[in-house]
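Welcome, and thanks for taking a look at this one with me. Below are some numbered points to read alongside the structure.

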Amino acid sequence: EEVGQALHDAKRRYQDNNDDFVFVQTKIHPQDLGYHSTKKAIQLSLDRLQVTSLDSVLIHKPRCWGDICSHEPEGTWEDSWRALEEAVDSGLVRSIGICDVDNRLLDKLLSKRIVPMVIQNWFDPFHQDKAFRRRIESINKEQEKLGKVDKKILYQGYSTLGNQWKYQGYEENPVMTSIRLLAIAKKYGVSIPQVLIQWATRRGVMVLPASNNPSHQISNLKSYDFTLTEKEMASIDALDGKPPQQLHKERDTNEVDIQFTNHASDGPVDVFWVDSDESHVHVGSMQKAGATLSLTSYHGHSFVFKKSGADDGSLLNRHIVDKLFGSTQNHQIEDKSE
């Protein structure tokens, strides 16, 4: 109802009585699965949102799970799908879809009178759903060949900023604390969400960066004021399937606050974190002799140091973090190149 009031106020403010001025998407709760229940849910959404039609309605889940449903649903997702098809026929809904789809469910959906126009799956740098997305891309290319562009499926990604990992046992969001993503964001002076919004959309994924924080909303809209290089895009792609080990409270014993001091060069020195695949990820610079760089790292992490602008691959020094030296450490980086 609050969203409906906001839509009503916005239309009045901008003197726009057309429902098309904003895209409205809503979902059918699993406990509302069933033909009649879904019909009622659609009408309730129309009333609450104060609109005459909905741009998109998704089935939130194809079944109840855990204690999410307060009562047994009237029917199945297939009964709901029939109600959604009729809503499209009548013009109440423009596009329909479903969340958390695997190949088996997609096979069933493709046999329906109206195939899904939107599929929404979990998508973030560590969980990119690549095989399924490739199948969607293949389906869309085939529809284009047949001249049926209206039959293409839009892939939406939820939890792109990593919130889903808390349901996987993580106490801290591994996406928002990724050293690789932090380094890329720092390079452009932007946030990790801005990096991920650009990366995901350039990979053909519609993202849903929900926020009720005005400054975050404005920041999200500026996610295209910079351009990630293809190498940076590929480095984010390479995170797929490689989430860090689950970080429980005991991980604090491996965390180290570290400060490096430039004693290696009179000029600037670049600092790189060494990834598991031995690639070097730039995390900052020490601009002159005596300058420092502070960061939080973990036991066993490795860093290398190079003169800024050096492209011959030569290293000034290398450092491996060892928690035995304490949770707060200071290290003077000297030139140990040969």
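**Notes for a new reader**

1. Of the 338 residues in the protein chain, 44% are buried. Please keep in mind as you read that this is a predicted model. The C-alpha trace spans about 75 × 45 × 45 Å along its principal axes, and the secondary structure comes to nine helices and 13 strands.

2. Two overall values help to set the scene. Among contacts with a separation of 6 or more, 69% are between residues 24 or more positions apart. The chain has an accessible surface of about 18600 Å², and carbon and sulfur atoms hold 49% of that surface.

3. A good place to start is helix H7 (192-202). Nine of its eleven residues are buried, so H7 is largely enclosed by the rest of the structure. The buried residues are Ile192, Pro193, Gln194, Val195, Leu196, Ile197, Gln198, Trp199 and Ala200. Their cover includes H6, E6, helix H8 (214-221) and H9. Just after H7 comes glycine 204, with a positive phi of about 85°.

4. Now turn to helix H9, residues 230-237, where the buried residues are Glu232, Met233, Ile236 and Asp237. Looking down the axis of H9, you will find these buried residues within an arc of 145°, so they line one face of the helix. They pack against three helices: H5 (130-145), H6 (179-188) and H7.

5. What does the nonpolar surface patch of about 210 Å² consist of? Leu154, Met206 and Leu208 make it. Methionine 206 sits in strand E6, residues 206-207, and its relative accessible area of 32% makes it partly exposed. Strand E6 is also part of what covers the buried residues of H7, which makes this a handy spot to visit after point 3.

6. Next, have a look at strand E12, residues 317-320. Asn317 and His319 form its covered face, while Arg318 and Ile320 form the uncovered one. As background, side chains in a regular strand alternate between the two faces of the sheet. E12 pairs with strand E11 (residues 302-307) in the antiparallel sense, over four bridges. To find the pairing on screen, look for serine 302, which stands opposite isoleucine 320 in E12.

7. The whole structure holds eleven salt bridges. One of them joins glutamate 86 to lysine 39, with the closest N and O atoms 2.8 Å apart. This pair links distant parts of the chain, since glutamate 86 belongs to helix H3 (residues 77-90) and lysine 39 to helix H2 (residues 35-49), 47 residues apart. Both ends are partly exposed: glutamate 86 has 26% relative accessibility, and lysine 39 has 34%.

8. Helix H3 takes part in another salt bridge, between the side chains of lysine 112 and glutamate 78, at 2.6 Å from N to O. Lysine 112 is in the loop between helix H4 (103-109) and strand E4 (118-122), and glutamate 78 is in H3, 34 residues apart. Glutamate 78 counts as partly exposed, with 34% relative accessibility.

9. Which residue forms a salt bridge with aspartate 89? The partner is arginine 113, and the closest N and O atoms are 2.7 Å apart. Aspartate 89 lies in helix H3 and arginine 113 in the loop between H4 and E4, 24 residues apart. Arginine 113 is exposed, at 53% relative accessibility.

10. Finally, two residues other than glycine deserve a glance for their backbone angles. Aspartate 129 has a positive phi, near 55°, and is found in the loop between E4 and H5. Serine 159 also has a positive phi, near 60°; this residue lies in the loop between strand E5 (154-158) and H6. Is serine 159 buried or exposed? Serine 159 counts as buried, because its relative accessibility is 14% and the cut-off for buried is under 20%.

Key
Residues numbered from 1 in each chain as written. Predicted model: local features only at pLDDT ≥ 70, side-chain atom pairs only at ≥ 80, totals over all residues. Heavy atoms only, no water. Buried < 20%, exposed > 50% of the residue type's maximum accessible area, 1.4 Å probe, protein only. Arc of directions from axis to C-beta. Contact = heavy atoms within 4.5 Å. Patch = residues over 30% accessible without salt bridge, like charges linked within 9 Å, V, L, I, M, F, W, Y side chains within 5 Å. Areas by Shrake-Rupley, 256 points an atom, 1.4 Å probe, with all protein chains shown as cover. Salt bridge = Lys/Arg side-chain N within 4 Å of Asp/Glu carboxyl O. Pairing = 2+ DSSP bridges.
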